[in-house]
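Please take a look at the model below. A colleague has some questions about it.

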Amino acid sequence: MDLKKILIIFIFYIFSSDCKSEVRIDITEGNVNPIPIAILDFQNNSLEMNSLGKKISGVIRNNLERTGLFTNLRKETFITEKVNFNRKPDFSDWRVTTAQVLIHGRIIELDNKKISLEFRLWDVFQEKQMVAQQLQTNKNNWRRIAHVISDIIYSRITGESGYFDTRIVYISESGLKTKRKKRLAIMDQDGANHKFLTDGSYLALTPRFSPASQLVAYLSYFGRVPRIFLLDLETGKQKVLGDFPGMTFSPRFSPNGERLVMSLAREGNTDLYEMNLKSMNLSRLTKFKGIDTAPSYSPDGKDIVFESDRSGRQQIYTMNLKSKKIKRISFGKGKYATPVWSPRGDLIAFTKFLNGEFYIGVMYKDGKGERVVYKAYLVEGPTWAPNGRVLAFYSQNKTKKNITNPKIKVIDLTGRNLRELITPSDASDPAWSGLLP
Amino acid sequence: MIGSLFLSIIFHSFIILVFLFGSDFLGLKKKIKLTDIPIEVVEIAKKSEAVSKKIEKKKESIKKKNEYTPPKIIEKPKPPEFAKIEKKKPLEKQQKKIKKEDLKNEKKVDRLSSILNTIEKIKKNQDKEDIVKDKTVESKIPDFTGEKLTISEIDIIRRQFIPCWTVPAGIKDVSKISVSVKLKLDPDGNVIGSKLSRDYGSKSRSYKSVAESVLRAVKHPACKKIQVPKKKYEMWKNITLNFDLSDID
Amino acid sequence: MKKNVLLLVLGLFLVASCETTSGVGDGTGAQGYTGDGSRSSLQDYLINEVGDRVYFETDKHNINSSSAFKLETQANWIKSTPGFTIILEGHCDERGTREYNLALGERRANSVKEFLVSLGVDASRIMTVSYGKERPAAEGSTSESWSENRRVVTVIGE
């Protein structure tokens, strides 16, 4: 027996494991299936708390499932439904369920009013804890805590901030097409807590949420004069935004909520104006014979993007607010309208009309990389979720001699995971809030 | 003969030792840890109070400038009860430390077990054929000049990872991100180790979430054992997978 | 293209003003109003005897010749019947975005206003409002409906 030889082999094996002669393989595709997740009901020994815990888990499941990025595993597939909160879960039990992520937690009643929620998020494959947090809130605020937890989970897994703790204002529609009743309404992002904000005795259109506060700007035909109104959701009070000769419409808040850009139509000419909401000073941004409308701020508030027919057809332009320099960015066929800058800053969503069809699309801020996200007989008015990866808009389809009633739809900017938002009646003009403070 | 007996004793005791400690490292004993996992405490309180104050100020300034009487509102919107978010410090950061140690241990075990596998085989052969043992040992020496993997063999390996990887599509700057992970495989094609080529500590959130999706992919149960041309172990025992999203929108 | 439209509008203005100078007093249905001057009776007369609306081409706001003729009748009636104001309501069809249609409706209402003023109607008696695509006259989603909906309607003010 040659000891030397064995030793050489031994040494070789130690070093060979660090040997650099390795294969390099590029993987440029994967599956786009939703990630299987297991969310256990939040537990407590008392019956009341246990059922509240169940409701909270339910809201979280619903939130995550609706993104299309996750799929909830059914309870029946679980080997156990109880995981000791203070112990590492037995991951082999969860791997067999195909869950990639496990969420479990407990709910504790602190006093008559307050509850505390503790939860953990585990990466089942890596056997790694991703999040462990405790949250406290009032009992009647349980839906919001469910949304906050959903945001934490979503954000930890996808790397984007969440958008579940948000609301959507929109226009609720009913009645005949020729005498359509249009009311301002608001709901949670998941359709819960629906409320009407106006009574429908006058037309309400194109609401916009301030990204930084609880203000909503919208076009109201109160007194048969179309003007922009500001509604404070906290006090329920509203007021007209300045008194201008002509019609003000198409409002949009700046990202910090301190300014508002809008259109003012007067004597057949529509131009853009910016108003400082603190000083109420108005400054004119464009002066061109033609229609300049649908302005929207960039996330840093330094530029705006808007549509104009100055070239003879609706196209998209950007303007630097300081230099007032205007640049056309859309050059494609068809009419381009209602551009909306993504809160993430990278993309601009827009409406396009081409060959009798409407499209929702996105393009980079220089106009390149145009991509269609959704197409319908009529679809318009995109609004971004505050994380900049989900879009809402409303759409209508063609029937034989008419069109279907408008409904709000939500879609991932990849064009996947289309969902309809369930509303009490027909719905149009959605506008997403920022993340609630 | 005495020499080989001596060696055999060394090896065996070594194996026993590794099993004793290795099982601990691997958690084979299923010892349940009773350690408290730290929790980040977030009280939903103060933060929003501050915000609503700010909003109030804003409101006042707008009110002053405008005397228009607002139209009647049918249903006043109830503002959400502002959840109050107050962050307390994480109780402890032990968990992280433990994790790191675990990782290190795991690595050690991986290397040792692959060594052991081979040595065991060698040993068996020794016992059976005493005379030809030298030859046997020699034949077990990996073939350095072995054939390279063919393109189709690489493609077979590549395809196996596709279903395991859930693409984090749609995230910001997704087309600019690529994540490399180094895999270590045992002779049967089992993935016994994985490590990111670059740590994501200082990288963007987008990069981090792509990196995590990659780590989940290579630890996916369906990708635990990879179909490989067994003879060419030397060529695939270390594989670098480069997950590239530039073609994915 | 734009120039052509402008020329056409200008030309119509000229034609129209010629006609008014020659046409004043020879009754194009304008002097027949004998109502009580109430808003509803004025509105009825406007709809049934004078004609309360004119139509437009897709995305256009220029007054075509048949519109010019109608508006002339309107202008004569308004001038000869003092004591009320009018609101010009601009409308569009549904094949456009909401914001653009609001602007386009205003543009249409305004071009009618300018036309009426050019015919001698006192500008202070005219108000304009745009309804964009919010108040179609015809229910359907056919090209006939759309052309019926691209209109400016003259309404008696309150």
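The exchange below goes through cores, a helix pair, one chain's fold and a few single residues.

Colleague: Before we start, what kind of model is this?

Modeller: Local features are reported at pLDDT of at least 70. Side-chain atom pairs need pLDDT 80 or more. The model is predicted.

Colleague: Which helix gives the most residues to the largest nonpolar core?

Modeller: That core has 45 residues. Phe42(A), Ile56(A), Ile60(A), Leu64(A) and Ile153(A) have the most contacts inside it. One helix of chain A, spanning residues 142–158, supplies 8 residues. The top contributor is H4 of chain A.

Colleague: Where does this core lie with respect to the domains of chain A?

Modeller: Domain 1 covers 35–158 and domain 2 covers 167–432. Both give residues to the core. The core therefore lies between domain 1 and domain 2.

Colleague: How many residues does the second core have?

Modeller: The second core is separate from the largest one. Its members include Phe161(B), Ala211(B), Tyr233(B) and Leu241(B). Its size is 36 residues.

Colleague: Which residues does Ile153(A) contact, leaving aside neighbours within four places in sequence?

Modeller: Ile153(A) is among the residues with the most contacts inside the largest core. Two of its partners, Ile60(A) and Leu64(A), are on that list too. The full set is Ile60(A), Leu64(A), Ile103(A), Phe119(A) and Leu121(A).

Colleague: Are H4(A) and H6(B) roughly parallel or roughly perpendicular?

Modeller: H6(B) covers residues 205–218. The two axes come within 7 Å and cross at roughly 80°. Angles from 65 to 115 degrees count as perpendicular in this scheme. So H4(A) and H6(B) are roughly perpendicular.

Colleague: How many charged residues are in the contact of H4(A) with H6(B)?

Modeller: From H4(A) come Ser155(A), Arg156(A), Ile157(A) and Thr158(A). They meet Arg205(B), Lys208(B), Ser209(B), Glu212(B) and Arg216(B) in H6(B). By class, there are 1 nonpolar and 3 polar residues. The charged count is 5.

Colleague: What pattern does chain B follow along its sequence?

Modeller: Chain B has 7 helices and 5 strands. Of its 249 residues, 43% count as buried. Among contacts with a separation of 6 or more, 79% join residues 24 or more positions apart. The pattern reads α-β-α-β-α-α-α-β-β-α-α-β.

Colleague: What is the relative accessible area of Thr206(A)?

Modeller: Thr206(A) has a positive phi of about 35°, although it is not a glycine. Thr206(A) sits in strand E10 of chain A, residues 204–209. Thr206(A) is buried, with a relative accessible area of 2%.

Colleague: Is Met280(A) buried or exposed?

Modeller: Phi of Met280(A) is also positive, near 60°. Met280(A) lies in the loop between strands E16 (269–276) and E17 (282–284) of chain A. Its relative accessible area is 14%, and the cut-off for burial is under 20%. So Met280(A) is buried.

Colleague: How far apart in space are Ala132(A) and Leu121(A)?

Modeller: Ala132(A) lies in strand E6 of chain A, residues 128–138. Ala132(A) counts as buried at 5% relative accessibility. Ala132(A) and Leu121(A) are 11 residues apart in sequence. Their C-alpha to C-alpha distance is 6.4 Å.

Colleague: Which residues does Asn149(C) touch, not counting those up to four places away in sequence?

Modeller: Asn149(C) is in helix H5 of chain C, residues 143–149. At 3% relative accessibility, Asn149(C) counts as buried. The residues touched are His91(C), Cys92(C), Asp93(C), Pro136(C), Ala137(C) and Ala138(C).

Definitions and conventions:
Residues are numbered from 1 along each chain as its sequence is written. Chains are lettered from A and ligands numbered from 1 in the order in which they are written. Side-chain values use heavy atoms; hydrogens and water are left out. A nonpolar core is a set of buried Ala, Val, Leu, Ile, Met, Phe, Trp, Tyr and Cys residues joined through side-chain atoms within 4.5 Å. Buried means under 20% relative accessible area, exposed over 50%, partly exposed in between (1.4 Å probe, protein chains only). Helices (H or I, at least four residues) and strands (E, at least two) are DSSP runs, numbered from the N terminus. Domain bounds come from an automatic or database domain assignment. Contact means heavy atoms within 4.5 Å. Axes are lines fitted to C-alpha atoms, for helices over the stretch in contact, and angles run from 0 to 180 degrees between N-to-C directions. Angles under 35 degrees count as roughly parallel, over 145 as roughly antiparallel, 65 to 115 as roughly perpendicular and the rest as oblique. Ala, Val, Leu, Ile, Met, Phe, Trp, Tyr, Cys and Pro count as nonpolar, Asp, Glu, Lys and Arg as charged, and the others, Gly among them, as polar.
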